[in-house]
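Student: I am new to this structure and would like a close look at one part of it. Could you start from a single residue at the surface and then work through what surrounds the rest of the chain?

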Amino acid sequence: MQFQNTRSFAQELDAQDDLHKYRSEFHFPKVKGKQVIYFTGNSLGLQPKRTKSYIDEVMNDWANLAVEGHFYADKPWWDYHERFATPLSKIVGALPSEVTVMNTLTVNLHLLMVSFYRPTKTRYKIICEEKAFPSDQYMFQSQVDFHGYAPNEAIVEIKRREGEHNIRLEDVLAKIDEVGEELALVLIGGVNYYTGQVFDMKTITEAGHNAGAIVGWDLAHAAGNIKLELHDWNVDFASWCSYKYMNSGPGNASGCFIHEKHHNASLPRFAGWWGHNKERRFKMEPQFDAVKGAEGWQVSNLPILSLAPYLASVEMFNEVGMDAIIEKRNKITAYLEFVLQEIDKEVDSTFEIITPANPAERGCQLSVFLHGEGRSLFDYLMQNGVITDWREPNVIRLAPVPLYCSFEDMYDFGQILKQGIQSVH
């Protein structure tokens, strides 16, 4: 399609957009009395309007039924989490038995590493990407330290080549081959939070397995954003947060995946009551008997008030389908890229998009170096109703989320950006 940087063209794209109607299902903040252009769904998604009714339902059941809500609520709390299995499995490409919801992302990764990071004297190294999200870095450091290894020896980072912003697939594969028989675990962010690069998870997983290692993925920026086929890719385990692209609310519950090939294995785990045999749970037996499937990794009684908004969003995703989300994601991200390039020409500035240009290697995020521009431009955008994300030294991250961003938003952003550059110079 030949794009045009005009309001009428953007409005025409919105008129053709089957997902445009979902925009009205979200609450938008306002700046100066006007609805914002929201680009930070890769950090915290907007609140779906339907969320309130899901929370109200739990609150009413608690008020009217108290403890009996576990069994007699319209959505009994006893099995509330089971409602996630089918819709979540479609979002991440899994079997329903391979997914569950519990805890938060880093907590889940720590719990999963109990089962899947089992170092030996000769096989103890972890491969991750350079500039992984800090929480992952801290997790790796504490895990290898707990097992008695020095982080600078046990943690192997795959680095970007000099002058390049993204990590090459061949360098990932070469590093896996180089570490070889010392490699215990490959654990990488499926989408790099800083650049927006999407890794070839299928190829990397296969390479890790060929080296005799376990392969897991941190899908914080991937779930609800890109096409995932965790079961078919033979991924061992994965976890993700729900409050970014899946709009479940700040710091909300996480999801996790454990491949069915591990469901019957006698893997070590940190067990708890909610992972015990469901049919016998209330017999209060002294010996742990894990539920078969991902639910067997659950530890505690689940936080129903936290799960309610997550369920609201997951059911919206089930209505829309990931294929439709990805189709719009590709189109609106490409249009945003076009608008940035057009404004760059008009103001004679230098924008450098460090996110890969290939749609197969990026999701719903463009990370942009604003060469020659400083924090004052970001401040201008925020003061004029563009909610975006700043990363030092001069990168803004823009996430045009398909469910609530419009093509006209992209056009308006371009105009505000141009005015901001002109005003700060």
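Tutor: In this predicted model, F71 is a useful place to begin, because with a relative accessible area of 42% it counts as partly exposed. F71 sits in helix α3, which covers residues 69-72. On the surface F71 joins Y72, W273, F282 and M284 in a nonpolar patch, and together these residues have about 580 Å² of accessible area.

From helix α3 we can turn to a charged pair, K75 and E57, which form a salt bridge whose closest N and O atoms are 2.8 Å apart. K75 lies in the loop between α3 and α4 (85-92) while E57 belongs to helix α2, so this pair ties together parts that are 18 residues apart in sequence. Both K75 and E57 are buried.

A second pair is that of R50 and E319, again a salt bridge, with the closest N and O atoms 2.8 Å apart. Here distant parts of the chain are linked, since R50 is in the loop between β5 (47-48) and α2 (51-65) and E319 is in helix α10 (residues 304-320), 269 residues apart. R50 counts as buried, because its relative accessibility is 17%, whereas E319, at 48%, counts as partly exposed.

A third salt bridge joins the side chains of E346 and K418, at 2.8 Å from N to O. Because E346 is in helix α11 (residues 322-347) and K418 is in helix α13 (residues 407-424), the pair ties together parts that are 72 residues apart in sequence. E346 is partly exposed, at 43% relative accessibility. Elsewhere, R7, E408 and D412 are linked in a network of salt bridges, and the structure holds 27 salt bridges.

The empty spaces complete the view. The largest pocket has a volume of about 410 Å³ and is lined by 22 residues, of which V198, F199, D200, A360 and E361 lie nearest its centre. Helices α8 (169-179) and α9 (201-210) each supply at least two residues of this lining, which divides into eleven nonpolar, three polar and eight charged residues. There is also one cavity of 30 Å³ or more, and the largest cavity has a volume of about 50 Å³. Among the residues that line the largest cavity are Y245, F317, R329 and C364, and by class its lining has seven nonpolar, two polar and one charged residues.

Conventions
Residues numbered from 1 in each chain as written. Predicted model: local features only at pLDDT ≥ 70, side-chain atom pairs only at ≥ 80, totals over all residues. Heavy atoms only, no water. Patch = residues over 30% accessible without salt bridge, like charges linked within 9 Å, V, L, I, M, F, W, Y side chains within 5 Å. Areas by Shrake-Rupley, 256 points an atom, 1.4 Å probe, with all protein chains shown as cover. Salt bridge = Lys/Arg side-chain N within 4 Å of Asp/Glu carboxyl O. Helix = DSSP H or I, 4+ residues; strand = E, 2+ residues; numbered from the N terminus. Buried < 20%, exposed > 50% of the residue type's maximum accessible area, 1.4 Å probe, protein only. 1 Å grid on protein atoms, 1.4 Å probe; cavity = no way out; pocket = protein on both sides within 12 Å on 5 of 7 lines; lining within 4 Å. Points joined across faces, edges and corners; volume = space filled by probe spheres on them. Nonpolar A, V, L, I, M, F, W, Y, C, P; charged D, E, K, R; others polar.
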